[in-house]
Structures are given as C-alpha cells and as structure tokens.
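Hi everyone, thanks for making time this morning. Let me put the structure up, and then I'll walk you through a few local features.

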Amino acid sequence: MAETNSAKKLTLNDQERELEQQAFIEFQKADYHACHQTLQKLLKTQDSNPKVLHNRAVVEFYNSDLRRYDQFRTAMMQLTGLVGEIRTVEVKDLESCAAYVNQAIVLYHFKQPQTALKIMLAVMAHFDQMDDYLLRRAGIFTVHLLLDTNQPKKANRLLGMLQNRLGIQVYAILSDSDEDEPLIDNESRKDISELQFEEFRKEFRLILIRSNLLNGKKNMSIPLEDTSEYSILKGHQYFLGNDYQMAAKELSKQFTNEPVSVNKHGEDQNTILANNMGVIHFSVKHYALAARFFQQALLFDKSATEDMSTEKVEGSPLYCVGATKRPEILYNHGLALLHLQRPKEAFECMLIVLNSNHNNPRLWLRLAECCIMVHRQEKQTQNTSICHGTVGCGVHRKYVLNPTPKTAVVDGDQSLAIPATTLEFGALCLRNAVTLLEYHEPELIRQTESSDKTASWDKVYEGVPCNPSLPMKMVSFNKLKCAVLAAYSYVLNTLGEYNLALKYAKQMLTMKDLPQSYLLLSHMYAAEALIMMNRPLEAIKYLEPKFITELAGDDFGMRASPHWNINSADAARSVMHYNRAVVSFLIGDYEQAKISMNSCNHPLVMPYLKMLNVYQELLLGNFDKVQLLIRYDTPHLI
C-alpha cells in the first residue's frame with residue numbers, strides 16, 4: 001500500500017487527511033476490513049483520486065487472501081494504462097509508481113519476468129524521488145527480477161545504490177551477531193515497524209548473498225545457519241568453487257526451519273534441492289544420476305503444484321500462481337538425456353521449454369542435436385559390409401554390393417515446421433539459431449570493444465540473453481557459433497543443400513582462433529559439398545597433406561564426447577586421408593589415391609576403406625581381386 005508521505009500533494013482537507021492516515025495505520029496492522037471501510041468514507045469526497053482508488057484495490061486484494069488477482073490486475077491496468085502487449089513503459093507521475101510496481105508483481109507471478117522488469121526499470125527511473133518505504137520494496141523486487149533473468153551485474157549495481165540511499169551497512173548484514181552496528185540507520189527506518197524491519201533485513205541479506213555469488217564472488221562469508229535458504233546458498237558457493245562433494249553434502253543436511261512449501265511460500269523446497277543435486281551430478285558427468293534427480297524434481301514439482309493451477313484461475317493465492325519450476329527442470333533433464341544418447345526423450349523435454357524461451361539460440365541448437373543424434377543412430381544400424389547378398393549359384397553366382405544410402409525425402413504434404421526428430425526440422429532449428437546469433441553479434445562486438453564502465457546501472461551490458469541458461473559473452477558466443485555452423489553445414493550436406501552447406505563451412509573457416517576439431521569439420525564439410533556439386537578440383541584444396549599433418553591431438557581429446565569417434569589426432573588424420581583418396585579417384589590421380597589409402601591406419605575408417613579398395617580394383621580391371629576382397633569380407637556368403 002502506498003504511504004501517505006509518498007503522494008503528490010492533493011487538495012485534501014484536514015478530515016480527509018486524518019482518514020488517509022488512519023487507513024494507512026490500519027493497513028500496517030493488517031486490519032484490512034477496517035481499512036477498507038475507512039477508504040470507502042474517503043472515496044465519498046475523493047472518488048477520482050488515483051491514489052485512493054489504488055489503495056482501495058490493494059486492500060480488497062489483501063482482504064481476499066491474495067486470491068482475486070484478476071480483479072486486482074484489472075484495477076492496476078486501469079490506473080497505469082498498460083494493457084495488452086507492453087512494448088515501452090514511461091512512468092510520468094511519481095504518485096503512480098506503486099500501481100506500476102503492483103502490476104509488475106502480478107506479471108511476475110504469471111511467469112512474465114521480462115515484461116515485469118520492463119515496468120520496474122521505468123519505475124526505478126524515479127529512484128532519487130521515491131520515499132524509503134516504497135523504494136525498499138521496489139528496489140528489492142527489481143533486484144530479484146534482474147537475478148531471475150540472469151543480469152547479475154545490473155543487480156549488483158542497483159544493490160549498491162540501495163545501500164547508499166538507505167544507509168545499509170554490508171558488514172553488519174552478513175554477521176551472525178545481533179550486537180553489531182544496526183543494519184540501517186534510525187532515520188531511514190522510522191516509517192516501518194520492528195517486525196517489518198527484520199523481514200526486510202532477512203530478505204536483503206539473502207538477495208545480497210545471491211547477487212554476490214552470481215557475480216562470481218566465491219569466497220564471501222555466508223551466515224552459519226542450518227536453514228534451507230542458507231544451505232542452498234552455501235551449496236551454490238561450493239559449486240562455484242568446484243567442490244561438488246561439499247555442495248552435495250550441504251544440500252543433504254537436516255534443516256532447522258519449517259519446510260518451504262508452495263502453499264505458504266510460493267516455492268517447493270524438495271523441488272529445488274532435487275534439481276540442484278541433479279546439476280551437481282551433471283557437472284561431474286554422472287548423467288544417469290543427474291537424470292534421476294531431475295526426474296525426481298519434476299515429480300516433486302507436480303505434487304507441489306497440482307492443486308495450485310498455473311493458469312489464471314482464481315482460487316489459489318497469487319504467490320502460488322506460476323510457482324512451478326517445470327520449464328527450468330525440463331531444460332536440465334533434456335541436457336542430461338542428450339548426454340545419455342536418448343535424443344527422442346530429450347527432444348520432448350526441450351520442446352516444452354521452447355514455448356517460453358524461443359529466443360534462446362542454445363535451445364535451438366540442442367533441439368537440432370537431438371535430430372542429428374536420431375539420424376546417426378538410425379545410420380549406425382545400416383550394414384557396413386561390402387556385399388549385401390548373392391543371387392544365383394555355381395558359376396552363375398553374382399554378388400550384390402551394398403547400395404549407397406539414399407537421402408530421405410519428406411512428403412510434400414508434410415510441413416517441416418511440425419516438430420519431429422527429423423533432419424528437416426533440425427535444419428529449421430539451426431536456421432533459427434543462426435538468425436538469432438546474427439541479430440546479437442553486432443551489439444555484442446560493439447559492447448565488447450567499448451566496455452564503458454561509466455554507464456548507468458540499467459545500461460550495463462550482460463551479453464546475449466539465453467534464458468533459462470546464462471547469458472553469453474564473446475568467448476561462449478564464438479563457441480556456440482562454431483557448434484551451430486558445424487551442425488548446420490552437416491545437416492545441409494545430408495539433405496542435399498550443398499551450396500548452403502559450403503557457405504556455412506566457409507563462414508566457419510573465417511572465425512578467429514577456430515579449435516582444431518571445428519577446423520577439421522569445416523574442411524571436411526566444404527570438401528564434401530564441392531564433391532557433390534561435381535567440383536573435385538576445388539574440393540581437394542581443402543584436403544591438402546600439409547593441413548592433415550599439422551592436426552594436433554590435444555584439442556580432439558579435450559572436446560570430443562565419448563560417442564564421437566574422432567577423439568585423437570590419428571583418427572582425424574586417417575579420416576582426412578580417406579577423404580583425400582576419394583577425391584583423388586574422382587580426378588583420376590590413382591597414384592595419389594593409393595598413397596592416401598596407405599596412410600589410413602585407424603580402425604575408424606576401415607569399414608569405408610574396404611569399399612574404396614573394391615572401387616580401386618574395379619577401376620584397374622582386377623576382377624579376380626575384387627572377388628577375393630568380397631569373399632574375405634563376407635565369408636558366410638561363399
């Protein structure tokens with residue numbers, strides 16, 4: 001509720017001022033029924049006063065146990081004029097700030113934190129003019145929104161401004177002793193009761209610790225309290241310091257406080273703990289255990305919120321609306337399943353997250369990786385033998401060689417935009433990822449080069465937003481761009497879009513400090529695209545012996561997943577020699593092809609080398625040798 005002193009001076013007589021002050025006192029005492037009656041008296045003479053109308057809506061909302069939030073939201077929209085999709089917000093009147101704050105709170109609980117933050121940034125433009133009573137609430141809420149949307153630098157700057165304005169002493173807030181200097185000077189806390197002050201102190205302490213941790217301050221002091229709030233923060237501190245065993249131990253404690261539940265607090269403690277344990281196990285590459293914890297977190301979340309509808313249906317208090325953490329947990333669960341080589345299940349998880357985070361290029365890449373993994377798993381089931389079978393018998397027996405796998409063609413009536421684990425939908429996902437990266441890249445480069453430290457707190461650049469994951473700075477942005485371009489070039493080559501595949505392979509080669517694993521892929525995909533376009537003389541330039549011999553091993557060992565076979569420099573060189581042999585045959589350089597084939601000594605290329613040997617002997621007319629190779633490879637057909 002807005003405080004009397006924060007209002008713009010209106011034409012009120014002495015009796016009306018007394019009623020206004022009385023209503024405020026009754027609200028502070030939580031006597032909402034009496035407060036409502038007092039405001040009704042005031043409205044008889046101040047029926048067009050926006051402040052009185054706002055306060056009446058607040059009291060009616062509190063009187064309904066925070067359940068009639070649709071009615072409350074409508075009242076706030078009438079006062080602020082923010083209806084429908086909110087693009088820009090400008091708070092012209094300081095007196096109306098409270099209405100804007102309340103509308104932002106409702107939007108936050110409706111799972112619209114970005115829109116709520118847009119409103120709060122406009123409110124905080126009046127930072128210097130707001131009274132302390134409203135500033136405490138609006139400031140902490142804005143910091144909370146900034147942290148929830150992965151903008152810790154802005155949150156840290158705003159916390160510093162709040163400390164200076166409210167006279168908050170940080171060394172006292174992090175102390176376990178109550179005998180230290182007061183947290184806030186007496187002048188700035190004269191308008192709140194002792195109970196309200198203690199609530200603010202606890203909230204400010206938690207938000208300060210959380211902000212410091214998200215800004216990378218790993219060695220800060222955290223109060224030694226065995227409550228779930230502080231144990232989760234302490235576990236986060238251990239996690240940032242890569243002490244995963246202590247982080248898990250901290251989360252497994254017996255807590256002294258009452259369990260945090262959706263009914264009372266708007267969050268479920270068990271859901272958060274299970275999710276955090278899953279993150280810890282994921283970080284140490286225990287993906288199966290991580291997936292089990294994420295699945296457990298989803299069950300806890302469902303159990304906690306099944307009676308609390310996340311839709312806008314009255315019946316539950318406002319803080320229970322949108323209490324589910326399902327999208328964030330599903331994102332984590334999908335990543336764990338993807339590492340477990342279960343792409344179809346991971347795809348279903350990621351697809352749900354896409355509904356609320358469609359501007360995340362990482363998420364589009366993960367969906368594409370699911371499609372690629374399904375394709376590769378199906379491809380691995382294909383027969384790699386030289387001979388598919390035989391027809392006839394005796395002197396009339398003929399060997400049927402394995403045909404080249406055909407590129408799947410989607411039915412023309414089927415829309416490629418329909419989500420499915422196909423390469424066509426994977427290509428659509430990667431196109432979206434490339435579009436988002438191209439949109440953000442100029443601003444990221446500009447901000448990296450300028451790095452203006454004098455910018456105001458709300459103009460600090462945090463990187464490319466990737467909610468629910470962390471924002472990307474230049475290093476992580478380049479890593480993601482490499483992965484997207486490599487995956488896109490592979491998918492386009494597989495689908496027969498060779499011109500585009502060549503374009504993105506060349507684009508990858510222009511990137512600075514390209515890791516050798518991606519350098520290898522870009523050369524291979526560019527050469528493959530050129531070969532399929534019947535340009536072998538251009539393709540062989542990407543497979544030069546000098547480039548092949550310069551491939552080092554460290555990068556392949558560090559970046560390769562357990563299921564990627566090119567996990568050493570020897571394997572990479574063998575693959576490149578094999579490809580060079582293929583191109584050499586196409587341009588008629590049989591001697592060079594033979595040299596390249598003799599350099600293929602890694603087991604990875606042996607199944608493909610068998611077929612290339614058959615092709616070589618057929619070209620040279622050595623049909624007896626071809627028969628021997630087939631009989632050696634498929635003795636069961638003799």
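Let's start with Y108, which is partly exposed, since its relative accessible area is 22%. Keep in mind throughout that this is a predicted model. The partner to look at is F141, and that one is buried, with a relative accessible area of 12%. Overall, the structure holds 16 aromatic pairs. Y108 and F141 make one of them, with an edge-to-face geometry: 5.9 Å from centre to centre and 85 degrees between the planes. Y108 sits in helix 5, residues 97-109, and F141 in helix 7, residues 132-148, so this pair ties together parts that are 33 residues apart in sequence.

A second pair is F585 with Y590, and here the rings are tilted, at 5.9 Å centre to centre and 45 degrees between the planes. F585 is buried, at a relative accessible area of 6%, while Y590 is partly exposed, at 36%. There is also an aromatic cluster, formed by F27, Y32 and Y62.

Hold on to Y590, please, because we meet this residue again at the surface: Y590, Y615, L619 and L620 make a nonpolar patch of about 360 Å². Which helix gives the patch its largest share? That is helix 28, residues 606-620, with three residues. L619 is found in helix 28, and this leucine is partly exposed, at a relative accessible area of 37%.

Next along the chain is helix 29, residues 623-633, whose buried residues are V626, I630 and D633. They cover an arc of only 70 degrees around the axis, so they lie on the same side of helix 29. As a reminder, an α-helix has 3.6 residues a turn, so residues three or four places apart point the same way. Turn to the other side of helix 29 and you find D624, L628 and Y632, which are exposed.

Now for helix 3, residues 50-63, where we find N55. Is N55 buried or exposed? It counts as buried, because its relative accessibility is 4% and the cut-off for buried is under 20%. The side chain of N55 is joined to that of H54 by a polar contact of 3.1 Å.

Another buried residue is Y525, with a relative accessible area of 12%; it lies in helix 22, residues 516-532. Y525 and L492 are 33 residues apart in sequence, and their C-alpha atoms are 9.6 Å apart in space.

Last, some backbone details for those of you who like to check torsions. A cis peptide bond joins N467 and P468, with omega at about 10 degrees. P468 lies in the loop between strand 3, 464-466, and strand 4, 469-472.

Then there are two residues with positive phi. K111 is not a glycine, yet its phi is positive, at about 60 degrees. You'll find K111 in the loop between helix 5 and helix 6, the latter spanning 113-123, and at 38% relative accessibility it counts as partly exposed. N534 also has a positive phi, near 60 degrees, and is a residue other than glycine. Its place is the loop between helix 22 and helix 23, which covers 536-539. N534 counts as exposed, at 65% relative accessibility.

That's my tour, and I'm happy to go back to any of these spots.

Key
Residues numbered from 1 in each chain as written. Predicted model: local features only at pLDDT ≥ 70, side-chain atom pairs only at ≥ 80, totals over all residues. Heavy atoms only, no water. Patch = residues over 30% accessible without salt bridge, like charges linked within 9 Å, V, L, I, M, F, W, Y side chains within 5 Å. Areas by Shrake-Rupley, 256 points an atom, 1.4 Å probe, with all protein chains shown as cover. Salt bridge = Lys/Arg side-chain N within 4 Å of Asp/Glu carboxyl O. Helix = DSSP H or I, 4+ residues; strand = E, 2+ residues; numbered from the N terminus. Buried < 20%, exposed > 50% of the residue type's maximum accessible area, 1.4 Å probe, protein only. Polar contact = N/O pair within 3.5 Å; in protein donor to acceptor, adjacent residues only side chain to side chain. Arc of directions from axis to C-beta. Phe/Tyr/Trp six-rings, centres within 6.5 Å; stacked < 30°, edge-to-face > 60°.
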